[in-house]
Amino acid sequence: MAQWDKLTELSDAYTQQLHELYDRDDFPMDVRHYLSIWIEKQDWQRAAREHDCAMVLFQVLLENLDNQHSRFVQEESFLLQHNIRRYKQGFQRYLEDPCALANTILWFLSKEKDILQNAELAEQVQLLCVEQEAMETSSQHDLERKMVGLRNEVQCMEHTILCLEEQQDEFDFKYQTHKMEAVVDEAVKKDQMKVLQTLVNRLNDCRKVTLSDLKKLLDRIEDLINILVKKELVEWQRRQQKACIGSPDNVCLDQLENWFTCVAVCLFQVREFLGKLEELVGKVSYENDPVKAQKPALLSRADTLLKDLLKSSFVVETQPSMPQGKGPLVLRTNVQFSVKTRLLVKFPELNHSMKVNVSMDREAPQIKGYRRFNVLGTKSKALNMAESQSGGMVADFRHLTLKEQKSGGGGKGVSDISLSVTEELHIIYFETEFEMKGVSVELQASSIPVVIISNSSQQQSAWASVLWFNMLSLDTNDVMFFANTPPATWPQFGEMLSWQFLSATKRGLDEAQLEMIAHRLFAKKQNYDACKVAWSKFSKENLPDTFWVWFDGILVMVKTYLEDLWRDGLIMGFVSKGKEKSLLKKKQRGTFLLRFSESVIGGITFSWVETTITGEPDIKTVQPFSKVDLCQIPFHEIIRNFQILEAENIPENPLLYLYPNTPKDEAFGKYYSEKTGADGPYFKYIKTKLVFVSKENTLEARSPMSSDMAQGEGLEPMNGLCGEAAELNESPHSLQQSLLETYHPDDPMLSGSVAAAEEDLLTYLNNPNAFVDTDILQEEPELTDFSLSGFNCLPQQSCGSIFQ
């Protein structure tokens with residue numbers, strides 16, 4: 001099913017996200033809808049890099065809009081004709097820079113995938129967390145029952161007030177009648193007074209009972225407010241913190257809005273009941289009237305509870321984020337960001353009447369060098385129900401920017417504490433005023449602390465700060481968090497790392513992968529639960545290649561190039577070299593596994609098991625592949641076409657079984673290109689240059705981060721073909737085939753004979769049987785006189801990289 005078709009079938013919560021995504025001016029949803037099939041078939045990544053390709057797609061896009069316009073003309077759809085014509089005119093701004101359009105479309109497609117992944121992830125989490133959800137559902141059902149009970153009590157109180165009013169009317173009628181009648185008979189007069197006294201006593205008792213019931217009703221409301229404000233809202237805020245850093249928590253506010261609104265409505269009704277009692281007292285009162293004595297305290301308590309509820313009901317529903325940022329809560333100066341506030345007490349009569357104003361760092365800490373910022377853009381918006389698919393009262397700010405203050409800024413603080421730019425935390429504030437039925441309350445909401453950068457190169461470090469703060473801090477107003485940064489326990493840290501993969505690829509880290517990372521950090525231990533990771537070890541030690549830079553490099557590589565393979569569980573990924581060796585040496589020849597490099601940032605490699613002459617297992621590994629390689633040819637095609645050419649041996653692919661024992665083609669076959677050989681789409685990249693190498697015992701270079709981390713089994717050397725520490729030997733006796741040197745027929749470095757020889761070799765690699773009777777692989781006497789450095793017709797290459 002096409003991506004757009006899947007998006008249109010999502011639940012309301014994710015459809016809302018889709019509407020919010022396309023509620024921008026950059027790329028109209030109508031164009032995305034009507035041209036969905038064509039859009040999804042184009043190579044926008046290439047167009048974003050190559051101007052000519054982008055221009056072709058730009059022209060075809062305009063032609064498709066013309067065709068769509070013609071269809072609307074035939075269907076007499078006047079409004080759609082107008083919109084398509086307007087969209088086409090809008091796209092003309094990309095005429096000079098079509099790559100910008102390609103980048104825009106690529107970004108929208110990426111965000112669509114994120115929405116789809118989140119929707120699928122939510123379904124998976126639902127299945128995985130049945131027991132936890134059962135507990136949450138039970139708690140929610142219990143709270144819902146309390147809400148129903150509250151509404152019933154309010155209805156009963158309404159009936160009680162009506163009965164009290166009727167009882168008072170009866171007494172008032174008889175009392176006025178008695179006054180109008182001039183009764184002379186003392187006995188009759190005495191009897192009438194007894195009746196009136198009985199009525200007033202009964203009225204007094206009813207007033208006392210009503211006031212007592214109102215007090216009990218307020219007690220019940222106070223208990224519910226405590227549950228909502230101190231439990232449910234706090235838990236939602238914590239879930240939102242975790243969701244900002246990748247956790248699959250549910251942060252929908254609809255249920256909270258229903259509960260907050262229910263309690264607020266009941267409190268306004270209690271205020272009406274107290275107002276009705278005051279009205280009744282104005283008609284009939286007497287000595288020691290309980291209403292006069294108790295009503296002011298009850299009204300004050302009701303107002304206090306209502307104001308407390310209202311102050312807690314104004315929240316930031318969607319935290320500040322840039323359209324193309326690494327994640328929320330990282331903002332860049334002079335780059336637009338969006339943020340959405342919401343009032344959980346929903347009164348339709350307040351639609352468009354409450355203005356929300358944005359401000360910045362009202363209580364900024366007085367520390368050395370702390371920067372101050374001004375908020376620019378549309379800083380005031382009205383809460384309304386039009387900008388929310390669920391009909392909530394929201395103010396959606398979409399075009400805000402930050403600008404650093406040039407005067408009156410940091411540097412004159414009373415504290416000598418100094419924070420780096422990416423450790424500075426800033427809070428964005430939102431203010432509004434609630435006014436309804438005589439109740440006026442100033443409301444304020446604040447964002448989770450954001451990190452503000454001025455250059456895109458700071459984004460990785462800024463995101464590390466966001467991860468650390470929201471993983472550990474329960475105080476979302478603590479802008480001094482990094483002045484004394486607490487460590488993370490391993491369970492917290494491992495869970496956070498897993499969330500990064502889960503949110504990016506829909507597959508988190510399993511126990512074995514987390515154990516390898518723990519081993520890297522803490523060395524070999526029976527249990528890591530008591531271990532702690534310091535902030536400096538995560539993001540500061542061994543600059544510039546910190547632990548986070550290494551981990552994030554892997555994450556970006558997987559998200560960009562290996563997402564499908566990772567999601568299908570084909571990449572073991574986080575496994576030490578020692579563990580890799582112990583796994584492979586027990587397996588049959590040709591068994592291989594894929595792991596992430598410990599020394600090359602954003603690198604992936606594979607190792608396989610060979611059998612020596614004596615029958616012993618011999619583990620070989622290849623130099624890691626980086627984005628330079630993977631952007632030119634998919635990793636599954638590398639695995640498919642990988643070959644070894646050694647002296648006197650027929651070229652062969654040593655990769656036969658994916659660990660533990662899955663045939664390679666069975667594991668990766670569904671990803672293969674339909675065409676092979678010279679007809680394959682990657683053939684132009686598989687131009688071979690010959691490199692003479694020696695067989696060496698290789699050891700993958702240790703990471704700068706691992707000096708005090710990787711110990712024990714992770715440091716054992718491995719026999720590998722062209723590993724990262726391989727060196728050249730003056731007596732070469734093996735030949736490695738490198739498969740991603742772009743070769744041009746008119747390369748002046750190559751003579752005709754060499755070019756011809758390479759073409760013959762390529763033909764052989766694609767069809768070995770065609771050379772059974774030829775001498776293309778026969779050893780030539782002159783060959784032994786060459787060394788790599790003396791092979792002048794080709795530039796010298798580093799050993800072992802299949803793709804340079």
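Which side chains meet in a salt bridge at 2.6 Å, N to O? They are the side chains of Lys-88 and Asp-66. The model shown here is predicted.

## A link between helices H6 and H7

Lys-88 sits in helix H7, which covers residues 78-91. Asp-66 belongs to helix H6, residues 51-75. The two residues are 22 apart in sequence, so their salt bridge ties together separate parts of the chain.

How open are the two partners? Lys-88 has a relative accessible area of 24%, so this lysine is partly exposed. Asp-66 is partly exposed as well, because its relative accessibility is 35%. Partly exposed covers the range between under 20%, which is buried, and over 50%, which is exposed.

## A link between helices H9 and H10

The structure holds 40 salt bridges. Another one joins Arg-220 to Glu-153. Their closest N and O atoms are 2.1 Å apart. This pair links distant parts of the chain, 67 residues apart. Arg-220 lies in helix H10, residues 186-244. Glu-153 lies in helix H9, residues 130-180.

Arg-220 is partly exposed, with a relative accessible area of 29%. For Glu-153 the relative accessible area is 29%, so this residue counts as partly exposed.

## A bridge within helix H17

Glu-563 and Arg-567 form a salt bridge inside one helix. The N to O distance is 2.5 Å. Both residues lie in helix H17, residues 547-567. They are four residues apart, about one turn of the helix. The pair is part of something wider. Salt bridges with shared partners join Asp-114, Lys-559, Glu-563, Asp-564 and Arg-567 into one network.

Is Glu-563 buried or exposed? Glu-563 is buried, because its relative accessibility is 13% and the cut-off for buried is under 20%. Arg-567 is partly exposed, at 26% relative accessible area.

## The five-stranded sheet

Five strands make an open sheet with mixed pairing. Their order is E17-E16-E15-E19-E20. Strand E17 (617-621) and strand E20 (662-663) are the edges, and each pairs on one side only.

Strand E15 (591-596) has E16 and E19 as its neighbors in that order. Five bridges join E15 to strand E16, residues 604-611, and these two run antiparallel. Here Leu-594 stands opposite Phe-606 in E16. Two bridges join E15 to strand E19, residues 657-658, and this pair runs parallel. Thr-591 stands opposite Tyr-657 in E19.

## Strand E15 is enclosed

How many residues of E15 are buried? Six of the six are, so E15 is largely enclosed by the rest of the structure. Thr-591, Leu-593 and Arg-595 point one way from the strand. Phe-592, Leu-594 and Phe-596 point the other way. Residues on both sides are buried.

Thr-591 and Leu-594 therefore point opposite ways from a strand whose six residues are buried. Each also has a partner across the sheet: Tyr-657 in E19 for Thr-591, and Phe-606 in E16 for Leu-594.

## A positive patch before E15

Which residues form a positive surface patch? They are Lys-579, Lys-581, Lys-585 and Lys-586. Lys-585 is in the loop between helix H18 (577-584) and strand E15. With 45% relative accessibility, Lys-585 counts as partly exposed. The residues of E15 are buried, whereas Lys-585, in the loop between H18 and E15, is partly exposed.

How values were computed:
Residues numbered from 1 in each chain as written. Predicted model: local features only at pLDDT ≥ 70, side-chain atom pairs only at ≥ 80, totals over all residues. Heavy atoms only, no water. Patch = residues over 30% accessible without salt bridge, like charges linked within 9 Å, V, L, I, M, F, W, Y side chains within 5 Å. Areas by Shrake-Rupley, 256 points an atom, 1.4 Å probe, with all protein chains shown as cover. Salt bridge = Lys/Arg side-chain N within 4 Å of Asp/Glu carboxyl O. Lys, Arg positive; Asp, Glu negative; His and termini not counted. Charge placed at Lys NZ, Arg CZ, Asp CG, Glu CD. Buried < 20%, exposed > 50% of the residue type's maximum accessible area, 1.4 Å probe, protein only. Pairing = 2+ DSSP bridges.
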